[in-house]
Amino acid sequence: MTPNSETSRGENLASCHDCGFVVALEGGAHHAATHCPRCHAVVHRRKPDSLNRTWALVITAAMLYVPANIFPVMRVISMGKAQEDTILSGAIYLLVHGMWPLALIVFFASVVVPLLKLIALTFLLISIQKGSSWRPVERTKLYHVVEAVGRWSMTDIYVVTILVALVSLGNLATIEAGLGAVYFAGVVVMTMLAAESFDPRLIWDRVRESNG
Ligand SMILES: [Zn+2]
């Protein structure tokens, strides 16, 4: 079944990003913009420079992902002894100490999910640049999953906080956030901005072009 690939772009229409009002645009330029008559936000035919911006943010996030996992996210000083943990060694610590549900949450929220988000966005970007008309419905759904997961990205930070709280229970210890935590926060923010700057309508533009 070929889905209906008609978009409002051919009709010189675009919906307001903020309130959803459908606005008539003038001129044929790809990025023609106007103001929404209802909420006065700027309405773009397509998000400006969507592919370049998303690529830049995805690459930045991928580069930050490496130090986020190499450098310790926290440093615990207890009775004069300092212990540093990376995300992974923190997860292993929890696992060894019988807190495997929390270990799994830390591992998935902090290691697996950010990586999957970056892989998904890279796949979407490449498929659009290749002018792919392959499974547009599934690709649109994939984008919605990435976007929805983005809203929960802050959970990753909470996980680190929980970890810190757990370690501090029971013994008097000083806990400091490590350099890794700064990079990790960078990964979260850059990935959220990347998902935000991606325009899923580009998927359908390519399908329409390749259909004639
Ligand atoms: Zn509006």
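# Reasoning through a predicted model

Me: This model is predicted. Which residues does F184 touch, leaving aside residues up to four places away in sequence?
Reply: F184 touches A68, V73 and S110.

Me: What makes these count as contacts?
Reply: Two residues are in contact if their C-beta atoms lie within 7 Å. F184 is listed as touching A68, V73 and S110, so each of these pairs meets that cut-off.

Me: Where else does F184 turn up?
Reply: F184 belongs to the largest nonpolar core, which has 34 residues. F184 is among those with the most contacts inside this core, along with A61, L64, L121, V187 and A194. Two or more residues come from each of α1, β5 (74–78), α2 (87–96), α3, α6 and α7 (201–211). Helix α6 gives the most, with nine residues.

Me: Why is it called a nonpolar core?
Reply: The name needs buried residues of nonpolar types, joined through C-beta atoms within 7 Å. A61, L64 and F184 are members, so they are buried and joined in this way. In soluble globular proteins, nonpolar side chains tend to be buried together.

Me: How do α1 and α6 pack?
Reply: Helix α1 (residues 50–70) and helix α6 (residues 179–197) pack with their axes 8 Å apart. The angle is about 160°.

Me: Why is α1 called roughly antiparallel to α6?
Reply: Angles over 145 degrees count as roughly antiparallel. The angle here is about 160°. Therefore α1 is roughly antiparallel to α6. Their crossing is left-handed.

Me: Which classes of residue make up the contact of α1 with α6?
Reply: There are 13 nonpolar, seven polar and one charged residues. On the α1 side they include R53, L57 and L64. On the α6 side they include G180, F184 and V187.

Me: What makes R53 the charged class and G180 the polar class?
Reply: Arg counts as charged, and Gly counts as polar. R53 is an Arg and G180 is a Gly, so the classes follow.

Me: Why is W55 called partly exposed?
Reply: A residue is buried if 20 or more other C-beta atoms lie within 10 Å, and exposed if 12 or fewer. W55 has 19, so W55 is partly exposed. W55 lies in helix α1.

Me: How far apart are W55 and A194?
Reply: They are 139 residues apart in sequence. In space they are 7.6 Å apart, C-alpha to C-alpha.

Me: What is notable about the phi of D49 and of R135?
Reply: Phi of D49 is near 50°, a positive value in a residue other than glycine. R135 is not a glycine either, and has a positive phi of about 40°. Most residues other than glycine have a negative phi.

Me: Where do D49 and R135 lie?
Reply: D49 is in the loop between β4 (42–44) and α1. R135 is in the loop between α3 (100–129) and α4 (136–150).

Me: How do you know whether D49 and R135 are buried or exposed?
Reply: Count the neighbours within 10 Å. D49 has 13 other C-beta atoms there, so D49 is partly exposed. R135 has 14, so R135 is partly exposed as well.

Me: Which residues of α7 are buried?
Reply: L202, I203, W204, R206 and V207. What covers them includes α1, α3 and α4.

Me: How many residues does the protein have, and what share is buried?
Reply: The protein has 212 residues, and buried ones make up 26%. It has seven helices and seven strands.

Notes. Residues numbered from 1 in each chain as written. Predicted model: local features only at pLDDT ≥ 70, side-chain atom pairs only at ≥ 80, totals over all residues. Axes fitted to C-alpha atoms, helices over the stretch in contact; angles between N-to-C directions. Helix = DSSP H or I, 4+ residues; strand = E, 2+ residues; numbered from the N terminus. Parallel < 35°, antiparallel > 145°, perpendicular 65-115°, else oblique. Left-handed = near helix turned anticlockwise from the far one by under 90°.
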